[in-house]
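Subject: Structure for your review

Dear colleague,

Please find below the structure that I am handing over to you. My findings follow directly after it.

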There are 2 protein chains.
Amino acid sequence: MTDAPALSEIAIIQRYLAPLAAGFAGAFGLTDDCASVAPPPGFDLVVKTDPIREGVHFLPADPPEALAWKALAVNISDLAAKGAKPFVYTMALCMPEPPTEAWLSRFTKGLGDAQATFGCHLIGGDTDRAPGPLSIAITALGLVPAGQMVRRGAARAGDVIYVSGTLGDAALGLSIASRDASVASWSLDDDARAFLADRYRRPQPRTGLSAALLAHASAAMDLSDGLHLDLSRMMTAASVGATIDLARLPLSEAARAAIAAQPSLRVRTWSGGDDYEILCTVSPDRGAAFEADAARAGIAVTAIGRVTTDRRLSFPGFEQDIAARPAGWQHF
Amino acid sequence: MTDAPALSEIAIIQRYLAPLAAGFAGAFGLTDDCASVAPPPGFDLVVKTDPIREGVHFLPADPPEALAWKALAVNISDLAAKGAKPFVYTMALCMPEPPTEAWLSRFTKGLGDAQATFGCHLIGGDTDRAPGPLSIAITALGLVPAGQMVRRGAARAGDVIYVSGTLGDAALGLSIASRDASVASWSLDDDARAFLADRYRRPQPRTGLSAALLAHASAAMDLSDGLHLDLSRMMTAASVGATIDLARLPLSEAARAAIAAQPSLRVRTWSGGDDYEILCTVSPDRGAAFEADAARAGIAVTAIGRVTTDRRLSFPGFEQDIAARPAGWQHF
């Protein structure tokens, strides 16, 4: 990132980061050692820490605006799944080399766009230098009515299982963003490629779905490691199982086109990571109300299965595909 | 760190990290995606994010218990300086290789000791794997009476400047912990060496001083980058200056012995980092009450100078030493 004289830490903070804190009084313009945060009466804070690192969660060639967006979006996505409204965040930025003004300008532009879109403010953090991949560690705090955080582990047998948006786009987009040679065989036009790469680079946290989740969901979490693995986590947490109709997974037009050209890509729609869609369970008698609230928020939701008392996941019609493939991304 | 089969991420969380969250209901035993935090009525949260990385903030040979202690202590030190009581924290742990059970066991033992000492609980975070140095990024949340956070930038001309504890020990301890050959010339006995290395490895946040700071300090911050640099930040933030009597800096017996053998080491008492003591300013009419409250808390405080209207730092009798040496640690 170096091709100009290094900026001091204080110049980085005052010139590029402090403007992102200007809208929140308790951030003290990033001139103090800590921030002061008071949730409004009747609200709890929902807290999430999810860092992203070059080579693991994003590519060296990804634009700085996109890294910044993604670093915040992956945390806001978790808050949205819990029914929480984004509030404030801290960021620890660790760089292998001093950043240039051009890089900082683009990175903070992306962060500014993201926080304006999600409705939250930077309140503090740290910038330092260490060898190794560029790392952006955000801790996000959201607001939820007291005692109402939507839990991961509260699914009940009989509940309907929903997902938001479309699945698998980001996993396909990663191949495109990585310039994987196999993409040529997918027969996609430029718009479809750009759409999928954007789904990888710029996840869209479903903050608009928070109110519907708070009102109707028995359990919810965001999808970051693939539907199969995340579903298994959600069902295990409630000591239940699920039966899923994989033929009903919502797919984008671009993903449908790629799968039509290369049927083996279909597995990515349930095992690929980085969807940042919402997985939730809703009691059958609230299904219609949940769907109506989601529609009013402009977010597509699709029923894909049911929670079962039997503590296993079943995928009628797809058991062979499932058996042939492990259940998603794990770090260790 | 590898000499046994890798543990899964879930085993790391459930076996080693979840016990650290057991005392806080809103952490949900680390089985959910987020934590739920409600400050008691009448309190604000004070938020700090300060990561530490191998090779920058600690040494590869430092024991795992010490890394864990330090990762939490550097954040709690900031909270203490703001008058806040430690409450909860998240941790993003990034490792270049899967950790062994032996390492995890020692690391989480150190973290458990630290959180029990400081009075706070783990509520969430993330463990992942990426090339580069081991990194531990903690975000700590403390509690302070609403609107009372002690600010960095509120020093007033005429205030007395105090520091807690003793200065320079950690900078000397770093040479000892790094097995720097020059240490032989310091003529220290084993106890003195162990004391100084421990001051580097296991900073002692002055949480006991919070109440006295809340009651009496006009401004406060913790000392992490050396007295000279941190003092210049505090005075700049208030558009004031300071005159400091460096002969009055509080020194440990071990530091005195090292300086007696090698007078050039004295500079480390004002330019060395990692002290994690408190720097604060107190109106002269509250000085006696502040000293009495600090004494009751069992924490030594020493008046080392005065805040001035003249916007510069002066060090009567030491101007030549100061001119010869830059003002402390900066990352860029």
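In this predicted model, 54 residues of chain A are in contact with 53 residues of chain B. Putting the two chains together buries about 4,700 Å², and carbon and sulfur atoms give 57% of that area. Ten salt bridges are found across the interface of chain B and chain A. A salt bridge also joins the side chains of Asp32(A) and Arg151(B), at 2.5 Å from N to O. Polar contacts between chain B and chain A amount to 23 residue pairs, counting those with both residues at pLDDT 80 or more.

On the side of chain B that touches chain A, several elements of chain B each supply at least two residues; among them are helix H1 (9–17), helix H2 (64–81), strand E3 (85–95) and strand E7 (217–223). The largest share of this side, nine residues, comes from E2(B). By residue class, the side of chain B that touches chain A divides into 28 nonpolar, eleven polar and 14 charged residues.

The two chains also share a sheet. Its five strands follow the order E4(A)-E3(A)-E5(A)-E2(A)-E1(B), and the sheet is open with mixed pairing. Strand E4 (121–129) of chain A and strand E1 (35–37) of chain B stand at the edges with a single partner strand each, so one side of each is left without a neighbour in the sheet. On average, and with direction ignored, neighbouring strands of this sheet are turned by 20° against each other.

The link between the chains within this sheet is the antiparallel pairing of E2(A) with E1(B), which extends over three bridges. Here Val46(A) has Ser36(B) in E1(B) as its bridge partner. Strand E2 (residues 43–53) of chain A also pairs with strand E5 (residues 135–145) of chain A, in the antiparallel sense and over eleven bridges. In that pairing, Pro145(A) in E5(A) is the bridge partner of Phe43(A).

Two helices of chain A pack on the sheet. Helix H2 (residues 64–81) of chain A touches E2, strand E3 (85–95) and E5 of chain A, and its direction makes about 140° with that of E2(A). Helix H3 (residues 101–118) of chain A touches E3, E4 and E5 of chain A, and the direction of this helix makes about 165° with that of E3(A).

Turning to salt bridges in general, the structure holds 36 of them over all chains. One within chain A joins the side chains of Arg201(A) and Asp62(A), at 2.9 Å from N to O. Arg201(A) lies in helix H5 (residues 190–201) of chain A, whereas Asp62(A) lies in the loop between E2 and H2 of chain A, so the pair ties together parts that are 139 residues apart in sequence.

Lastly, there is a further set of strand pairings in chain B. Strand E8 (residues 241–244) of chain B pairs with strand E10 (residues 301–308) of chain B in the antiparallel sense, over four bridges. E8(B) is also joined by two bridges to strand E11 (residues 313–314) of chain B, and these two strands run parallel. Thr243(B) takes part in both pairings: its bridge partner in E10(B) is Arg306(B), and Thr243(B) stands opposite Ser314(B) in E11(B).

With kind regards

Note on methods:
Residues are numbered from 1 along each chain as its sequence is written. Chains are lettered from A and ligands numbered from 1 in the order in which they are written. This is a predicted model: local features need pLDDT of at least 70, side-chain atom pairs count only at pLDDT 80 or more; totals for chains, interfaces and linings use all residues. Side-chain values use heavy atoms; hydrogens and water are left out. Two strands pair if DSSP finds at least two bridges between them. Axes are lines fitted to C-alpha atoms, for helices over the stretch in contact, and angles run from 0 to 180 degrees between N-to-C directions. Contact means heavy atoms within 4.5 Å. Buried area is the accessible area (1.4 Å probe) that two parts lose on being put together, summed over both. A salt bridge is a side-chain nitrogen of Lys or Arg within 4 Å of a carboxyl oxygen of Asp or Glu. A polar contact is a pair of N or O atoms within 3.5 Å; within protein, one must be able to donate a hydrogen and the other to accept it, and residues adjacent in sequence count only if both atoms are side-chain atoms. Ala, Val, Leu, Ile, Met, Phe, Trp, Tyr, Cys and Pro count as nonpolar, Asp, Glu, Lys and Arg as charged, and the others, Gly among them, as polar.
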